[in-house]
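User: I would like to go through this model by question and answer. Please keep the replies short.

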Amino acid sequence: MTRITAGRAVATAFRSILAVTCVCVISCATVSRHEFSEPTAGWQTKTGQLMYRNSKTTLIGDALVRFSKTGDFELTVSKGPGITLLSLRQDATFAKITGAFARQGWSGPVTQAPPRLRGWLALRDQFLHSPNQKTLRYTAGNETFVFRF
């Protein structure tokens, strides 16, 4: 009898763990259904330096910028190999920002972006309107972005 009760307890515990795991997996899948386009040979790629400045911070780092003619945009700011400070993926309606410089990060509709990220999200339009610039300077409020390629 003890063996059957222990077997039932293990089966019940297993079902509980399985149920929690399924809920977690399903919840993670529904957080963001947005899929960004992957870069292709038709995307323009630029590498260079970014100087970012606001009233409290100055950052100089390596910048990798990729964008498509259809408006897809990627920006990666790093400090040396393997140290990504900020990673931004964006299209016309949705964005995702991660990395140490982005604090806890954010993803969602561009129109609902927190104020602290709006300058970063405006960079997409700057690159799409001036794709061949060797230097791109953009100021939004107290933030200044200077890219040199």
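User: Is Glu 74 buried or exposed?
Analyst: This is a predicted model, where local features need pLDDT of at least 70, side-chain atom pairs count only at pLDDT 80 or more, and totals for chains, interfaces and linings use all residues. Residues are numbered from 1 along each chain as its sequence is written, and side-chain values use heavy atoms, with hydrogens and water left out. Buried means under 20% relative accessible area, exposed over 50%, and partly exposed in between (1.4 Å probe, protein chains only). Glu 74 has 9% relative accessibility, so this residue counts as buried.

User: Which residue forms a salt bridge with Glu 74 at 2.7 Å?
Analyst: A salt bridge here is a side-chain nitrogen of Lys or Arg within 4 Å of a carboxyl oxygen of Asp or Glu. Side chains of opposite charge can pair when their charged atoms come close. The partner is partly exposed, at a relative accessible area of 27%. With its closest N and O atoms 2.7 Å apart, the partner of Glu 74 is Arg 66.

User: How many residues apart in sequence are the parts that Arg 89 and Glu 74 tie together?
Analyst: The side chains of Arg 89 and Glu 74 form a salt bridge at 3.3 Å, N to O. Arg 89 lies in strand E4 (residues 84–90) and Glu 74 in strand E3 (residues 73–78), so the pair ties together parts of the chain whose separation is 15 residues.

User: How accessible is Arg 89?
Analyst: Its partner Glu 74 is buried. Arg 89 itself counts as partly exposed, with a relative accessibility of 23%.

User: What is the N to O distance between Arg 124 and Asp 125?
Analyst: Arg 124 is buried at 10% relative accessible area. Asp 125 is partly exposed at 34%. The two form a salt bridge, and their closest N and O atoms lie apart by 3.0 Å.

User: Which residues do salt bridges with shared partners join into one network?
Analyst: By the rule above, the count comes to four salt bridges. Those that share partners make one network, and its members are Glu 38, Arg 66, Glu 74 and Arg 89.

User: In what order do the strands of the open sheet run?
Analyst: Helices (H or I, at least four residues) and strands (E, at least two) are DSSP runs, numbered from the N terminus. Two strands pair if DSSP finds at least two bridges between them. Eight strands form the open sheet with antiparallel pairing, in the order E6-E5-E4-E3-E2-E1-E8-E7.

User: Which are the edge strands?
Analyst: An edge strand of this sheet pairs on one side only. The edge strands are E6 (106–109) and E7 (135–140).

User: How many bridges pair E1 with E2?
Analyst: E1 and E2 form a hairpin with four residues between them. Gln 44 has Phe 67 in E2 as its bridge partner. Strand E1 (residues 44–53) and strand E2 (residues 58–67) run antiparallel, and their bridges number 10.

User: What is the bridge partner of Leu 50 in E8?
Analyst: E1 also pairs with strand E8 (residues 143–148), in the antiparallel sense over five bridges. In E8, the partner of Leu 50 is Phe 147.

User: Which residue in the turn between E7 and E8 has a positive phi?
Analyst: E7 and E8 pair in the antiparallel sense over six bridges. One bridge there links Tyr 138 to Phe 145. Two residues separate the strands of this hairpin, and the one with a positive phi of about 60° is Gly 141.

User: Where is Arg 103 found?
Analyst: Phi of Arg 103 is near 55°, a positive value in a residue other than glycine. Arg 103 is exposed at 60% relative accessible area. Its location is the loop between E5 and E6.

User: How far apart are the end C-alpha atoms of helix H2?
Analyst: The expected span of a helix is 1.5 Å times one less than its number of residues. The 12 residues of H2 (residues 118–129) should therefore span 16 Å. The model agrees, with its end C-alpha atoms apart by 17 Å.

User: Over which residues is the pLDDT below 50?
Analyst: pLDDT is the predictor's confidence in each residue, from 0 to 100. The chain averages 84, and 79% of the residues score at least 70. Contact means heavy atoms within 4.5 Å. Beyond near neighbours in sequence, the stretch below 50 has zero contacts in the model, and it covers residues 16–30.
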